[in-house]
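Let's work through a few short exercises on charged side chains. Keep the model open and try each task before you read its solution.

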Amino acid sequence: MVIKVFLASSSGSTAIKKKQQDVLGFLEALKVDYAPLDIACNEDNRMWMRENVPVEKKPTNGIPLPPQIFNEESYCGDYETFFDAKEDNAVYAFLGLPPPPGSKEAKEAYLENGPVENGTIVNGTDDAEDEENLEAEEENIDDDTLKREVPMEECNGDEHTEEVEAEVGGETGEEAAEEKVAEEKEAVEDTEESLENTKAPVKEEEAQEEAEDEEAKGEDDQPVSEGKEDLVSEEEEELRQLEEEEAPEVRGGRRRSDRGSRAGRRG
């Protein structure tokens with residue numbers, strides 16, 4: 001494959017000359033073989049260039065200006081497209097040539113598309129094949145999803161299972177709600193009853209403990225009262241004996257005093 005660069009050797013435009021020099025100098029730096037074709041001195045070259053540049057790439061007046069680049073008969077582009085490829089490190093792809101091994105462009109092409117030979121991908125696939133493979137995979141996924149039976153609990157959740165069963169049995173949503181409320185009330189009543197049953201043994205135990213405490217307290221008080229009664233009876237007995245002992249002496253004293261008073265009266 002030969003790279004053809006159409007240029008004008010005797011152009012009076014400084015901008016065109018500069019563009020031509022940039023293209024040729026970069027191709028020489030890359031060591032790319034090319035053939036310069038002068039359109040100023042060769043009418044055939046000029047006519048061939050104008051006929052083979054695509055219509056959409058031609059300017060408004062229909063006359064393409066040099067430099068124009070071809071790979072054999074295939075159109076590569078003009079200076080602007082060549083410059084864009086240069087900025088993107090994609091000059092070899094622009095020229096339709098395989099990048100040399102070890103170059104930056106070769107590494108990027110290998111990472112994106114796999115090995116490249118003669119400007120074509122060896123093990124990679126084009127966009128059309130990628131799209132077809134992706135569509136086939138999506139169809140297989142859809143088929144597998146349709147074939148797989150999903151349980152009712154997985155679709156609606158455990159909370160909605162009772163509602164679905166009520167609708168299947170012919171019950172309305174209101175009846176199902178009323179039944180649900182009744183079930184909740186029964187659950188509350190059962191809970192309260194269980195709590196009362198739990199509290200009853202506790203109350204019985206407390207009453208029994210209180211009765212035992214009172215009985216023990218009565219037993220403790222009884223000996224004390226009996227001891228007091230014994231003590232009082234002993235004191236009363238002692239007082240009575242003292243009174244009995246003092247009674248004769250008092251009586252004797254009274255007799256003596258009566259006798260003295262009588263003697264005094266006589267004297």
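Helices (H or I, at least four residues) and strands (E, at least two) are DSSP runs, numbered from the N terminus. The model is a predicted one, where local features need pLDDT of at least 70, side-chain atom pairs count only at pLDDT 80 or more, and totals for chains, interfaces and linings use all residues. Residues are numbered from 1 along each chain as its sequence is written, and side-chain values use heavy atoms, with hydrogens and water left out.

**Exercise 1.** Find the salt-bridge partner of R240 and say how the two are placed in helix α9.

Solution. Start with the rule: a salt bridge is a side-chain nitrogen of Lys or Arg within 4 Å of a carboxyl oxygen of Asp or Glu. R240 meets this with E237, their closest N and O atoms being 2.2 Å apart. Next, place the pair: R240 and E237 are three residues apart in helix α9, so about one helical turn separates them. Finally, check the cover, where buried means under 20% relative accessible area, exposed over 50%, and partly exposed in between (1.4 Å probe, protein chains only). R240 has 38% relative accessibility and therefore counts as partly exposed; E237, at 34%, is also partly exposed.

**Exercise 2.** Which parts of the chain does the salt bridge between E73 and K4 tie together?

Solution. First, the contact: the side chains of E73 and K4 form a salt bridge of 4.0 Å, N to O. E73 sits in the loop between β3 (68-71) and β4 (74-78), and K4 in strand β1 (residues 3-7), so the pair links parts that are 69 residues apart in sequence. Then look at K4, which counts as buried because its relative accessibility is 18%.

**Exercise 3.** Describe the salt bridge that D22 makes with K18.

Solution. Their side chains meet at 3.4 Å, N to O. Both residues belong to helix α1 (residues 14-29), four residues apart, or about one turn of the helix. With 29% relative accessibility, D22 is partly exposed. To round off the tally, the rule gives five salt bridges in total.

**Exercise 4.** What does E105 have around its side chain, given that E105 has no salt bridge?

Solution. Begin with its place, helix α5 (residues 104-113). E105 is buried, and the nearest side chain of opposite charge, K104, is 10 Å away. Now turn to the backbone: the nitrogen of V91 lies 3.4 Å from a polar atom of the E105 side chain.

Methods: Lys, Arg positive; Asp, Glu negative; His and termini not counted. Polar contact = N/O pair within 3.5 Å; in protein donor to acceptor, adjacent residues only side chain to side chain.
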